[in-house]
Amino acid sequence: MKYGFVIPVYRHGSTLEAVVKSLVSFNLPIIVVDDGNDEENRAFISAVEKSYPLVTVVTRIENGGKGRAMIDGIRKADEMGITHILQLDSDGQHDAGRAARFIELSEKNPDAIICGYPEYDKDAPKSRVNGRKFANGWIHFVTLSKDIKDAMIGFRIYPVKPFIKMLKRTLYIDGRMGFDIDVLVKQYWQGVPVISEPVKVYYPVDGISNYNYFTDTLRVSGTYARLCIGLIFYLPVLLYRKIKRVFKKKTSAGSVN
């Protein structure tokens, strides 16, 4: 097992170094994906690459969205022989200190995705917190389980090979803000276990958000709609798993009694 980090960057070049600095103690490869940034942000990325030998930069000429950046980063990780990547954002939103716990869980469960769910600070916008609760209700619906506590957070560990396999077996993956939801549910459908683990999330007052409330809300809504349609095809598999889990639970309880 070989671990690494993938950090997609768009308009957050100024905060990238702080994120990278928080990860260097792990002595693991750090793949930074420049998702079509302007010259100012590219200068920040270039400076980080020169200052930190662990950093490898993947450059996209045009901005394609978080999803396409992550896919390019994970393909690069596969080329480098990395078996598991931890995805995190470049704006410092996530508590990078939780990476150690996520890697520990992944080492014990190498076939699983270790997916964060947010622990908000007191300053978190209420609209985001409440919107997240509503969105995750749909995740429980399309997976017929509560294994995934949050499907929108960008702090998670993917086993690389199952991710690449999922890409080959999937006709369409949302390339922008629906990406995190899309790939998590589709891998879960295809049998990749998901373990949920908390991570603190911060919203800096002067932070730059790449989320467009109109277009990205439409994209996320479209992602949920497509997943509801896709559920029809995976329903027999999910029901079988659910029945099997209930039966196993009852059998275990009976043996204890």
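Q: How much area does the chain expose, and which atoms supply most of it?
A: Accessible areas are worked out by the Shrake-Rupley method with a 1.4 Å probe, and for residues only the protein chains shown count as cover. In this case the chain exposes about 13200 Å², with carbon and sulfur atoms supplying 58% of it. Please bear in mind that this is a predicted model, in which local features need pLDDT of at least 70, side-chain atom pairs count only at pLDDT 80 or more, and totals for chains, interfaces and linings use all residues. Numbering starts from 1 along each chain as its sequence is written, and side-chain values use heavy atoms, without hydrogens and water.

Q: What share of the residues counts as buried?
A: A residue is buried under 20% relative accessible area, exposed over 50%, and partly exposed in between (1.4 Å probe, protein chains only). By that yardstick, 47% of the 257 residues are buried.

Q: How many helices and strands should I look for?
A: Both are DSSP runs numbered from the N terminus: helices are H or I with at least four residues, strands are E with at least two. You will find eight helices and seven strands.

Q: Which way do the side chains of strand E4 point?
A: In a regular strand, side chains alternate between the two faces of the sheet. In E4 (residues 84-87), His84 and Leu86 point one way while Ile85 and Gln87 point the other, and all of them are buried.

Q: Which strands pair with E4, and in what sense?
A: Pairing requires at least two DSSP bridges between two strands. Strand E1 (residues 3-9) pairs with E4 in the parallel sense over four bridges, whereas E6 pairs with E4 in the antiparallel sense, also over four. Follow Leu86 to see both: its bridge partner on one side is Phe5, and Ile157 in E6 stands opposite Leu86 too.

Q: Which residues touch the most other members of the largest nonpolar core?
A: In soluble globular proteins, nonpolar side chains tend to be buried together. A nonpolar core here is a set of buried Ala, Val, Leu, Ile, Met, Phe, Trp, Tyr and Cys residues joined through side-chain atoms within 4.5 Å. The largest one has 69 residues, and Ile7, Ile85, Leu88 and Phe163 touch the most other members. Helix H7 (residues 179-189) gives the most to this core, with seven residues.

Q: What does Ile7 touch?
A: A contact means heavy atoms within 4.5 Å. Beyond residues up to four places away in sequence, the contacts of Ile7 include Leu16, Val20, Ile31, Val33 and Leu88.

Q: How do contacts in the chain spread along the sequence?
A: Of the contacts between residues at least 6 apart, 80% join residues at least 24 apart. Leu144 makes a handy example, sitting in the loop between helix H5 (126-143) and strand E6 (156-159). Leu144 and Leu238 are 94 residues apart in sequence, yet their C-alpha atoms are 6.8 Å apart. Leaving out neighbours within four places, Leu144 contacts Leu235, Leu238, Leu239 and Lys242. Leu144 counts as partly exposed because its relative accessibility is 23%.

Q: How many salt bridges does the structure hold, and which residues form a network?
A: Side chains of opposite charge can pair when their charged atoms come close. The test is a side-chain nitrogen of Lys or Arg within 4 Å of a carboxyl oxygen of Asp or Glu. The structure holds 15 such bridges, and Arg98, Arg101, Glu104, Lys108 and Glu197 are linked in a network.

Q: Where in the chain do Asp78 and Lys161 lie?
A: Their side chains form a salt bridge at 3.0 Å, N to O. Asp78 is in helix H3 and Lys161 in helix H6 (residues 160-169), 83 residues apart, linking distant parts of the chain. Lys161 is exposed because its relative accessible area is 58%, while Asp78, at 24%, is partly exposed.

Q: Which residues of H3 are buried, and what span does H3 reach?
A: An α-helix has 3.6 residues a turn, so residues three or four places apart point the same way. Buried residues in H3 include Met70, Gly73, Ile74 and Ala77. The expected span is 1.5 Å times one less than the number of residues. With 14 residues, H3 reaches 20 Å from first C-alpha to last, close to the 20 Å expected. Just after H3, Gly81 takes a positive phi of about 80°.
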